Amino acid sequence: MKLNKYIDHTKLGANVSKEAIDKLIDEAIQYDFKSVCVSPIWVSYAKEKLKGTDVLVCTVIGFPHGTHTKEVKAFETKDAINNGADEIDMVINISLLKQKQYSLLFDEIKAVVEAANKKLVKVIIETCYLTEEEIVTVSKICVEARADFVKTSTGFGTAGATFSNVKLMKDTVGDKANVKASGGVRTYEDAIKMIEAGATRIGTSNGVEIILKKENNKNDTNTTY
């Protein structure tokens, strides 16, 4: 199992410099991560810098609060795809879920899936604000809307991924979707725990540290990954 290919190497925030993006991209190439996850303004730049590699470009939509209208999220998605994005991580409108406006929530996820035009879509549900029942409900809606992944967190909420929430999400979607664990996944042990819970993708800004710890453990016969 190639742990590096589980990792979306991530740099998001209000004050991210070109130098920080360059470093992110260089690390992603060096360690052959699955993708870099960057804000929409960096998509075309990252795509050009990653030309000739198999590292994908992932970006975020409706980030970080999910309070954009579905039309804006769809437009953001189309723009990102036009700029070279390979994968889309969208944030749901959490209030729709809380208010049990499930058809409207379905509509906005479906709008992004359609706007992505067959590019992979991950749906960020921000688990720290949800009950277990709400996690199950929104995970089922994501499957119905034909999203590829259900994702735990933006990393900007009150908490990130937990083993129990990742397992609950995977138990809910089964083989109809994948699960991305994101938020607070900082160590090799964290990453392995999330994979054991059912995650097939890890969103983290600590990808290098995770892989280096794996390398340090490579002679440990008890190490599976």
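Me: What is the radius of gyration taken over, and what globule rule goes with it?

Reply: The radius of gyration is taken over C-alpha atoms, and the globule rule is 2.2 Å times the number of residues to the power 0.38. Keep in mind that this is a predicted model. With 225 residues, a compact globule would have a radius of gyration near 17 Å, and the chain has 17 Å, so the two agree. Along its principal axes, the C-alpha trace spans about 50 × 40 × 30 Å.

Me: How many helices and strands does the chain have?

Reply: Nine helices and eight strands. To see how the chain folds back on itself, look at contacts between residues at least 6 apart in sequence: 67% of them join residues at least 24 apart.

Me: What percentage of the residues is buried?

Reply: Buried means under 20% relative accessible area. By that cut-off, buried residues make up 52% of the 225 in the chain. As for the surface, the chain exposes about 10,600 Å², with carbon and sulfur atoms supplying 48% of it.

Me: How many positive and negative side chains are there?

Reply: There are 31 positive and 31 negative side chains, and the centres of the two sets lie 2 Å apart.

Me: Let's try a single residue. Is Ser139 buried or exposed?

Reply: Ser139 counts as buried, because its relative accessibility is 0%. You will find Ser139 in helix 6, which covers residues 132-144. Leaving aside neighbours within four places in sequence, Ser139 is in contact with Ile125, Val150, Met169, Thr172 and Val173. The C-alpha atoms of Ser139 and Lys170 are 8.8 Å apart, although 31 residues separate the two along the chain.

Me: Thr172 is among those contacts. Where is Thr172 found?

Reply: Thr172 is found in helix 7, residues 163-173. With a relative accessible area of 23%, Thr172 is partly exposed. Not counting residues up to four places away in sequence, Thr172 touches Val136, Ser139 and Lys140. Between the C-alpha atoms of Thr172 and Val143 there are 9.5 Å, and along the chain the two are 29 residues apart.

Me: What is the mean pLDDT of the chain, and where is the pLDDT below 50?

Reply: The mean pLDDT is 95, and 95% of the residues reach 70 or more. Over residues 221-225 the pLDDT is below 50, and this stretch has eight contacts in the model beyond near neighbours in sequence. Where pLDDT is low, the predicted coordinates should not be read in detail.

Technical notes
Residues numbered from 1 in each chain as written. Predicted model: local features only at pLDDT ≥ 70, side-chain atom pairs only at ≥ 80, totals over all residues. Heavy atoms only, no water. Helix = DSSP H or I, 4+ residues; strand = E, 2+ residues; numbered from the N terminus. Buried < 20%, exposed > 50% of the residue type's maximum accessible area, 1.4 Å probe, protein only. Contact = heavy atoms within 4.5 Å. Areas by Shrake-Rupley, 256 points an atom, 1.4 Å probe, with all protein chains shown as cover. Lys, Arg positive; Asp, Glu negative; His and termini not counted. Charge placed at Lys NZ, Arg CZ, Asp CG, Glu CD. pLDDT = per-residue confidence, 0-100.
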